[in-house]
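Work through the following exercises with the sequence and the structure side by side. Each task is followed by a solution that goes step by step.

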Amino acid sequence: MSQVQQEVFEIISKQAKIDIGTIKLESTLKDLGIASLDAIEVIFDIEEHFNINLPNDDVNFESGTVGDLIGAVERQLAQKPADS
Amino acid sequence: MRRIVITGMGGICALGHNVPDIWQAMTEGRSGIAPLQHFDASLMRGNPVGAEIADFEPLAFIEEAKLPFLDPLSQYALVAAGEAIRQAGLDFRNERTARTAVVVGTGAAGEETRDGLYRKLYAEKSGRFHPLGIVRIMSSAPCSHISMAHGITGPTFTVASACASSNHAFAQAAMMIRAGLVDTAVVGGTEACITPGVMQAWEAMRVLAPDTCRPFSANRRGLVLGEGAAMFVLETLESAQARGATILAELAGAGMSADAGDIAAPSDVGAAAAMQAALNDAGMQPGEIDYINAHGTGTAANDSTETRAIHTVFGEHAHRLAVTSTKPMHGHALGAAGALEMLAVIGALRHGIVPPTLNYVAPDPACDLDYVPHEARAMNVRAALSNSFAFGGLNAVVVVRQAS
């Protein structure tokens with residue numbers, strides 16, 4: 001498991017108050033019972049943790065999976081200047 | 001029971017600075033949505049849009065000495081109330097004054113003033129605030145200024161229930177008239193919410209559409225904020241007839257409910273309860289309604305939920321209704337939404353034209369009603385519902401019918 005994946009899993013687990021072992025890369029936030037404002041909060045916590053901005057197009061709450069979310073985080077991290 | 005009629009209306013929004021201009025735009029299906037002009041929105045995601053009031057010159061409506069006291073929130077309210085009271089032909093400098101109420105819905109407050117003061121404090125590190133900050137910001141300022149400008153001394157207060165504020169205001173005014181507490185009311189809503197702070201807070205919830213507002217359509221991507229005010233003069237049928245006033249429509253009933261559920265997600269049960277309560281209050285059957293001006297925000301959740309609620313209340317008749325959202329034209333003006341939408345409802349009742357739902361691209365299976373896409377429709381509207389469903393599960397619905 002990559003460092004980014006580990007950290008995203010921890011954020012989701014903490015926010016949704018679910019066992020980290022139940023989170024799979026192919027789970028959607030909806031599958032994990034995270035809906036409405038809770039889902040928006042998870043995205044915000046991820047943005048704050050990594051100090052990135054996730055565009056709306058990268059966060060689809062209906063069909064997007066945790067794996068998609070990690071991919072979006074990695075894309076944003078790759079674009080960040082090394083010193084920030 | 002005392003019957004309540006509407007004898008004056010006024011409005012200002014992205015479509016115009018008076019009711020004739022706004023109604024003209026609604027019948028033509030023009031949209032006031034455009035890239036933001038009021039401030040630099042470069043910190044926001046994407047290219048935010050809004051339905052902003054353009055080319056507004058307050059001095060054309062309000063005397064210069066009064067302006068320092070007025071956030072745009074109160075300026076818009078005064079413009080709309082002035083137009084409504086002129087149309088009604090009422091003067092309050094007589095015994096009517098104490099028997100008239102002012103009830104104004106607003107969801108936020110004097111946000112432009114608030115933003116300006118906080119910018120001084122946090123960005124410019126200056127504690128020297130303009131002394132009129134509080135009286136501009138307070139959410140009750142608009143109703144106070146209407147009362148002061150027109151000499152109205154009856155019950156005067158603000159109603160706050162987020163996006164349902166205006167419709168809750170109509171209900172409060174109507175109940176006071178029915179109870180015999182007052183005979184006349186100036187009622188409506190105002191909002192001036194397109195400021196950096198407010199926009200950023202809405203953006204953070206990821207409910208703002210990046211392109212435009214597409215209610216009930218496939219590929220809808222959220223709401224677009226708007227601003228403005230609309231005000232109405234309500235009075236008893238007896239009072240209007242006695243003075244030979246032109247009756248624009250009858251306010252037949254109002255219904256309110258709370259979801260007791262989620263702070264953001266809507267509930268079809270709560271929405272249906274408010275619509276049913278409004279019909280019951282008016283003593284009307286679903287089959288007597290021809291048009292619903294929907295809450296129709298353009299978010300995925302609202303529009304499918306509202307559609308289910310309409311099916312619940314209207315059954316077979318649901319497919320015979322024209323259901324439109326005028327928010328793609330004037331934007332979602334939050335606490336002023338129900339008031340601006342009342343302009344569309346009264347226009348439909350009086351002129352036999354239902355304003356369309358703009359920006360509809362394709363059907364969504366979860367939204368299967370007749371949304372009158374793209375172009376206004378000529379049809380007789382005997383009676384109509386105006387829906388408002390707020391965050392926090394606060395619902396208010398008003399029933400209006402043709403003046404008989």
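**Exercise 1.** Determine how many bridges join strand 9 of chain B to strand 10 of chain B, and whether the two run parallel or antiparallel.

*Solution.* In this predicted model, strand 9, which covers residues 291-293 of chain B, is joined to strand 10 of chain B by 3 bridges, and the two strands run parallel. To follow one of these pairings, start from B:Asn293, whose bridge partner in strand 10 of chain B is B:Thr324.

**Exercise 2.** Place these strands in their sheet, and explain why strand 5 and strand 10 of chain B each have one side without a neighbour.

*Solution.* The first step is the order, which reads 5-4-6-7-1-8-14-13-9-10 in an open sheet of 10 strands in chain B, with mixed pairing. Strand 5 (156-159) and strand 10 (322-324) of chain B therefore stand at the edges, where each has a single partner strand, so that one side of each lacks a neighbour in the sheet. As a last step, consider the twist: neighbouring strands of this sheet are turned by 25° against each other on average, if direction is ignored.

**Exercise 3.** Compare the radius of gyration of chain A with that of a compact globule of 84 residues.

*Solution.* Begin with the elements of chain A, which has 3 helices and 0 strands, in the order α-α-α from the N terminus on. A compact globule with 84 residues would have a radius of gyration near 12 Å, and because chain A has 12 Å, the two agree. Finally, the C-alpha atoms of chain A fill a box of roughly 35 × 25 × 20 Å along the principal axes.

Definitions and conventions
Residues numbered from 1 in each chain as written. Chains lettered and ligands numbered in written order. Predicted model: local features only at pLDDT ≥ 70, side-chain atom pairs only at ≥ 80, totals over all residues. Pairing = 2+ DSSP bridges. Helix = DSSP H or I, 4+ residues; strand = E, 2+ residues; numbered from the N terminus. Axes fitted to C-alpha atoms, helices over the stretch in contact; angles between N-to-C directions. Rg over C-alpha atoms; globule rule 2.2 N^0.38 Å.
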